[in-house]
Amino acid sequence: MTDVTDPTQPLGVVCTPTGHPEVDAGLARLADADHLAVSGHLEVYEDVHKGLRETLAALDQRPGPPGSPHPHDNRS
């Protein structure tokens with residue numbers, strides 16, 4: 001068993017694929033942090049965070065299904 005208090009050992013965190021290529025690429029990028037010194041983690045985390053923000057922002061730019069511009073508007 002890996003001693004989690006030893007900063008020189010990889011964490012070995014296993015990520016389950018989401019099925020969304022952009023998100024899965026971010027998860028794979030997080031694995032890069034395991035092979036870096038702690039001083040290099042911030043760059044990886046910022047890179048993944050930026051990618052996830054861009055992926056979420058892109059969802060707002062995609063058109064919804066026809067005839068349903070406001071899917072949560074339940075007014076009669």
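The following paragraphs describe the helices of a predicted model, the packing between them, and selected residues and salt bridges.

The chain has 76 residues, of which buried residues make up 9%, and its secondary structure comes to 2 helices and 0 strands. The accessible surface of the chain amounts to about 6,700 Å², with 58% of that area belonging to carbon and sulfur atoms. Of the helices, α1 covers residues 21-31, whereas α2 covers residues 41-61.

Two packed helices are described by the angle between their axes and the distance between the axes. In this model α1 and α2 pack at an angle of about 175°, and their axes are 9 Å apart. Because angles over 145 degrees count as roughly antiparallel, α1 is described as roughly antiparallel to α2. On the side of α1, the contact is made by Glu22, Val23, Gly26, Arg29 and Leu30, and on the side of α2 it is made by Val44, Tyr45, Asp47, Val48, Leu52 and Thr55. Sorted by class, the residues in the contact of α1 with α2 comprise 6 nonpolar, 2 polar and 3 charged residues.

Two of the residues named in this contact, Arg29 of α1 and Asp47 of α2, also take part in a salt bridge, in which the side chains of arginine 29 and aspartate 47 meet at 2.6 Å, N to O. This pair links distant parts of the chain, since arginine 29 lies in helix α1 and aspartate 47 in helix α2, with their positions 18 residues apart in the numbering. Both partners are classed as partly exposed, a term applied to values between the limits of 20% and 50%: arginine 29 has a relative accessible area of 23%, and aspartate 47 has a relative accessibility of 39%.

The structure holds 2 salt bridges, and in the other pairing glutamate 54 is joined to lysine 50, with the closest N and O atoms 3.8 Å apart. Here both residues belong to helix α2, where glutamate 54 and lysine 50 are 4 residues apart, or about one turn of the helix. Glutamate 54 counts as partly exposed at 47% relative accessibility, whereas lysine 50, with a relative accessible area of 52%, is exposed, because the term exposed applies over 50%.

Individual positions in the helices add to this picture. Threonine 55, which is placed in helix α2, has a relative accessibility of 18% and therefore counts as buried, the limit for that class being under 20%. When residues up to four places away in sequence are not counted, threonine 55 touches Glu22 and Val23, both of which are among the α1 residues that make the contact with α2.

Histidine 41 likewise lies in helix α2, and at 18% relative accessibility histidine 41 counts as buried. With its neighbours within four places in sequence left aside, histidine 41 is in contact with Ala33 and Leu36.

Alanine 25, by contrast, has its place in helix α1 and counts as partly exposed, with 46% relative accessibility. The C-alpha atom of alanine 25 is separated by 9.6 Å from that of leucine 52, although the two residues are 27 residues apart along the chain. Leucine 52 is one of the α2 residues that make the contact between the helices.

Conventions:
Residues numbered from 1 in each chain as written. Predicted model: local features only at pLDDT ≥ 70, side-chain atom pairs only at ≥ 80, totals over all residues. Heavy atoms only, no water. Buried < 20%, exposed > 50% of the residue type's maximum accessible area, 1.4 Å probe, protein only. Contact = heavy atoms within 4.5 Å. Areas by Shrake-Rupley, 256 points an atom, 1.4 Å probe, with all protein chains shown as cover. Salt bridge = Lys/Arg side-chain N within 4 Å of Asp/Glu carboxyl O. Axes fitted to C-alpha atoms, helices over the stretch in contact; angles between N-to-C directions. Parallel < 35°, antiparallel > 145°, perpendicular 65-115°, else oblique. Nonpolar A, V, L, I, M, F, W, Y, C, P; charged D, E, K, R; others polar.
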